[in-house]
Amino acid sequence: MKKLEDRWSFYSPTLLELLIGIITFGLVTAGVGACFVSQKVYYVVGLFLGIMMALLAAIHMAYTLDRSMYLGEAASKYAIGQNAVRYLFILCSFACICITDFASPLAAFLGIMGLKVGAYLQPFTHKCLRKLRRR
């Protein structure tokens with residue numbers, strides 16, 4: 001039997017669609033938001049950091065869900081623990097942004113919310129990618 005790490009493939013169609021949704025949200029909010037703020041670099045850096053946190057959180061969630069499928073009864077504890085790790089990472093990253101003030105905390109929060117928007121966009125990105133694959 002293969003080791004657990006050998007069974008997990010980074011490629012998952014749903015994960016790819018989620019990541020595309022997050023990146024799309026990031027590009028749109030960077031373009032639109034930069035038109036309305038006076039400190040454009042401050043805003044874009046904060047948004048970029050938030051989008052990076054959202055992308056890492058999505059990848060970590062996919063890995064956690066895949067791995068917990070093989071754990072049986074211990075899956076619940078594992079998933080809860082990994083969820084706490086993920087939120088702690090986001091909280092510490094956000095705290096560093098707020099303390100150092102080198103990027104916009106509001107834009108970073110907006111970027112983190114890209115994970116939610118990417119999840120809502122996933123059915124749309126699924127349809128678009130399916131149409132592209134047919135061509």
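Helices (H or I, at least four residues) and strands (E, at least two) are taken here as DSSP runs, numbered from the N terminus. The model is predicted: local features need pLDDT of at least 70 and side-chain atom pairs count only at pLDDT 80 or more, while totals for chains, interfaces and linings use all residues. Residues are numbered from 1 along each chain as its sequence is written, and side-chain values use heavy atoms, with hydrogens and water left out.

**Whole chain**

Start with the protein chain in cartoon view. Six helices and zero strands are present, and the pattern along the sequence reads α-α-α-α-α-α. Taken along the principal axes, the C-alpha atoms fill a box of roughly 55 × 45 × 20 Å.

Next, colour by accessibility. Buried means under 20% relative accessible area, exposed means over 50%, and partly exposed lies in between (1.4 Å probe, protein chains only). Of the 135 residues in the protein chain, 33% are buried. The chain exposes about 8900 Å², of which carbon and sulfur atoms supply 72%. Accessible areas come from the Shrake-Rupley method with a 1.4 Å probe, and for residues only the protein chains shown count as cover.

A contact means heavy atoms within 4.5 Å. Among contacts between residues at least 6 apart in sequence, 75% join residues at least 24 apart.

**Ser12**

Select Ser12, in the loop between helix 1 (4–7) and helix 2 (13–36). Ser12 is partly exposed, with a relative accessible area of 27%. For a distance across the model, pick Phe102 as well: Ser12 and Phe102 are 90 residues apart in sequence and 35 Å apart in space, C-alpha to C-alpha.

**Val32 and its patch**

Move to Val32 in helix 2. With a relative accessible area of 46%, Val32 is partly exposed. Add Val28 and Phe36 to the selection; together with Val32 they make a nonpolar surface patch of about 330 Å². Patches are made of residues with over 30% relative accessible area and no salt bridge; like charges are joined within 9 Å, and nonpolar side chains (Val, Leu, Ile, Met, Phe, Trp, Tyr) within 5 Å. A salt bridge is a side-chain nitrogen of Lys or Arg within 4 Å of a carboxyl oxygen of Asp or Glu.

**Along helix 3**

Helix 3 covers residues 40–68. Four selections follow here.

- Tyr42 is found in helix 3 and is partly exposed, at 24% relative accessible area. Not counting residues up to four places away in sequence, Tyr42 touches Asp101, Phe102, Ala103, Ser104 and Pro105. The C-alpha atoms of Tyr42 and Ala103 are separated by 4.9 Å, although these residues are 61 apart along the chain.
- Leu56 is also in helix 3, and counts as partly exposed at 47% relative accessibility. Leu56 and Cys35 are 21 residues apart in sequence, with 27 Å from C-alpha to C-alpha.
- His60 lies in helix 3 and is partly exposed, with a relative accessible area of 21%. Leaving aside neighbours within four places in sequence, His60 is in contact with Gln82 and Arg86. From His60 to Cys128 the C-alpha distance is 25 Å, across 68 residues of sequence.
- Ser68 belongs to helix 3 and counts as buried, at 13% relative accessibility. Its contacts, leaving aside neighbours within four places in sequence, are with Ala75 and Tyr78.

**Asp101**

Asp101 was already met as one of the residues touched by Tyr42. Select Asp101 by itself, in the loop between helix 4 (75–100) and helix 5 (105–112). At 44% relative accessibility, Asp101 counts as partly exposed. Check the backbone torsion: Asp101 has a positive phi of about 55° although it is not a glycine. Most residues other than glycine have a negative phi.

**Lys131 and the charges**

End at helix 6 (residues 114–134), where Lys131 lies. Lys131 is exposed, with a relative accessible area of 56%. Extend the selection to Lys127, Arg130, Arg134 and Arg135: with Lys131, these residues gather in a patch of positive charge on the surface.

For the charges of the whole chain, Lys and Arg count as positive and Asp and Glu as negative, while His and the chain ends are not counted. The place of a charge is taken as NZ of Lys, CZ of Arg, CG of Asp or CD of Glu. The mean positions of the 14 positive and 6 negative charges are 11 Å apart.
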